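Me: I would like to go through a structure with you. Could you take my questions one at a time?

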2 protein chains.
Amino acid sequence: MGEFELLAKVRERLAPPGPRIRVGSGDDAAVTVPGGATATSVDALVEGVHFRRDRASLAQIGRKALGTALSDLAAMGAEAGEAYVVLGVPPELGEDDCLELVDGFAALAAETGTTLAGGDLTRAPVLTLAVTVVGHAGSAEELVGRGGAKPGDVLVLTGEIGGAAAGLLLAEQPRLAEAVPARTAERLALRQLVPTPRLGAGRALASAGASSMIDLSDGLGGDAAHLAAASGVAIDVDAGALPLADGLAAVAVAAGRDPLELAVGGGEDYELLATLPPGRVDEATAAVGALGAARLTQIGAVSAGEGIEIRLPGGATLAPAGYDQLR
Amino acid sequence: MGEFELLAKVRERLAPPGPRIRVGSGDDAAVTVPGGATATSVDALVEGVHFRRDRASLAQIGRKALGTALSDLAAMGAEAGEAYVVLGVPPELGEDDCLELVDGFAALAAETGTTLAGGDLTRAPVLTLAVTVVGHAGSAEELVGRGGAKPGDVLVLTGEIGGAAAGLLLAEQPRLAEAVPARTAERLALRQLVPTPRLGAGRALASAGASSMIDLSDGLGGDAAHLAAASGVAIDVDAGALPLADGLAAVAVAAGRDPLELAVGGGEDYELLATLPPGRVDEATAAVGALGAARLTQIGAVSAGEGIEIRLPGGATLAPAGYDQLR
């Protein structure tokens with residue numbers, strides 16, 4: 001593989017650089033003029049750890065690598081800006097394979113207005129992607145961290161959860177697909193293979209005064225615990241209010257699993273979990289709803305104290321082990 | 001390995017965040033307020049491709065990963081700012097090993113004023129480091145790319161070259177160390193194991209009006225060719241003027257190699273190659289000299305045309321194959 005030739009082909013496939021770019025890919029470093037504040041996050045996907053090539057296409061892997069990185073920017077309420085990619089290529093992958101992967105990456109970059117502004121291509125024993133993304137906001141105060149939840153705030157969630165866990169079950173046990181219509185099975189599988197970063201919802205929640213926010217990568221139970229710990233508060237989740245992914249219940253029952261435990265313990269949904277002052281919930285719900293991509297649901301409350309509690313509809317509490325064992 | 005516990009220990013070992021950081025490591029993304037322009041570059045080191053663990057300590061590997069990334073910022077004339085690191089850890093490395101690696105990284109970060117502002121820790125089949133660095137300047141115009149060399153400009157080089165190539169020879173053939181004093185052999189070995197990014201010299205050259213600049217990672221021959229191609233000019237290198245690393249000649253002769261070919265074709269010296277208008281050379285030489293780390297040497301000239309030519313002292317020209325075969 002000729003690195004320089006391949007990089008030239010990669011550049012041909014990219015959208016024109018965004019307005020902040022002064023020098024793009026091809027120099028020692030990319031030059032940007034950010035203005036305001038930046039949010040920067042880095043995420044890695046390693047073959048055999050985060051994905052299997054017999055279950056996902058190269059285009060899907062490329063798309064997921066960018067999607068999971070951008071999800072962190074969504075959780076800050078940032079606007080997507082630039083991406084920088086390290087691609088470690090194993091010997092059995094050729095130039096066309098690399099370009100298929102780049103095409104998946106580039107498609108999501110174009111959809112989200114992200115510029116691929118730099119990268120490094122290297123040999124590696126297994127397919128490895130490390131993606132750094134830079135997002136933007138007018139000022140640091142417009143960005144939302146994990147540490148601002150206050151007692152009295154309302155806990156809200158975008159979209160539906162448990163879909164990625166169900167999709168993973170379907171990949172591991174293909175016979176489970178018989179439990180749901182074919183289109184539902186496909187949607188659940190894609191949910192896990194190519195997550196959608198909730199960039200628009202993240203900005204809407206930030207504008208509506210979200211006091212804290214996180215994206216669900218580890219699972220609702222674990223990520224709510226991160227919010228509670230960073231904010232120094234207690235978080236109560238009403239399990240009966242959780243918006244469960246369509247088909248999750250049928251797949252879970254067919255697999256002999258509890259749908260609620262999958263929804264609470266399953267990772268990779270990449271929905272946004274946020275806290276809002278009670279007076280801003282209607283505004284936030286309307287703003288997220290207007291995007292058409294993922295409705296906002298109230299799923300709990302913040303109080304003084306520490307830790308999280310997940311209340312089941314009957315009044316019982318889901319034991320921490322109920323989600324810990326699924327992580 | 002508990003990821004969260006290890007990350008907490010890593011954070012304890014880091015210097016306090018720099019002035020541009022609003023939210024550091026531990027949230028979904030780091031928040032910075034850059035001001036002016038940023039230069040961003042990403043570099044990966046993969047075990048078995050870029051380093052061998054039987055030749056370098058983990059602290060050296062951590063230091064080199066940051067050093068090679070920062071060298072790209074030096075080549076833009078940027079001030080070091082933030083670093084974001086993906087660390088892929090193979091099963092045989094434990095927590096103490098990771099912390100030794102982080103210590104090497106953190107030492108250079110402290111020396112250069114770089115804040116480790118985020119990262120991702122993952123399992124991987126071999127030790128893998130992907131480092132994104134962000135540098136800063138007052139404006140995009142203060143940063144120096146590869147494409148601005150003009151006919152009539154003078155070609156200058158910081159420090160000495162060929163040391164890393166000699167260090168690599170010493171690692172591959174330990175008996176060659178007998179050709180030089182022990183301290184010289186050690187210095188050459190370190191030259192290859194822990195390169196120094198020329199950040200101060202890069203800023204001095206940018207301030208003195210450098211029209212183009214690149215860091216020597218591939219080797220003088222290859223990197224001069226990159227400058228010439230990006231600028232659309234011809235570059236002539238006077239091989240007799242090249243500042244050769246102390247001990248290079250003796251090691252090369254003992255290995256049956258030509259010192260000049262090692263100096264021109266050997267990579268990883270991470271010195272800066274720049275072009276300057278003739279009227280600014282004295283100012284640049286004084287400014288780089290005042291730093292005390294690496295003197296500036298005039299090694300050639302820029303003219304109209306294309307490609308590079310390396311003139312030997314006798315008047316002959318070093319054939320392109322003379323450096324290509326060494327890359």
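Reply: The answers below cover domains, chain symmetry, one helix and two loop residues.

Me: Before that, what kind of model is this, and how are things numbered?

Reply: This is a predicted model, in which local features need pLDDT of at least 70, side-chain atom pairs count only at pLDDT 80 or more, and totals for chains, interfaces and linings use all residues. Residues are numbered from 1 along each chain as its sequence is written, while chains are lettered from A and ligands numbered from 1 in the order in which they are written.

Me: Which domains does chain A have?

Reply: The assignment gives domain 1 (3-142) and domain 2 (154-324) in chain A; such bounds come from an automatic or database domain assignment. The C-alpha centres of these two domains of chain A lie 26 Å apart.

Me: How many residues are in contact between them?

Reply: In chain A, 19 residues of domain 1 are in contact with 19 residues of domain 2. Two residues are in contact if their C-beta atoms, placed from the backbone, lie within 7 Å.

Me: Which elements of domain 1 give two or more residues to that side?

Reply: They are α2 (58-74) and β4 (79-89) of chain A. Helices (H or I, at least four residues) and strands (E, at least two) are DSSP runs, numbered from the N terminus. The largest share, 10 residues, comes from α2(A).

Me: New topic. How does chain A relate to chain B?

Reply: A turn of 180° and a shift of 0.0 Å along the axis lay chain A on chain B with an RMSD of 0.0 Å, by least squares on the C-alpha atoms of residues with pLDDT of at least 70 in both. That is the relation of a two-fold axis.

Me: Why do the copies meet through the same surface?

Reply: Because 100% of the interface residues of chain A are also interface residues in chain B.

Me: And α2 of chain B: is it enclosed or open?

Reply: Helix α2(B) is largely enclosed by the rest of the structure, because 16 of its 17 residues are buried. A residue is buried if 20 or more other C-beta atoms lie within 10 Å of its own, exposed if 12 or fewer, and partly exposed in between, with C-beta atoms placed from the backbone.

Me: Where is A:Y270?

Reply: A:Y270 lies in the loop between α9 (259-265) and β10 (272-276) of chain A. Its phi is near 55°, a positive value in a residue other than glycine.

Me: What about phi of B:E268?

Reply: Phi of B:E268 is near 70°, also positive. Most residues other than glycine have a negative phi.
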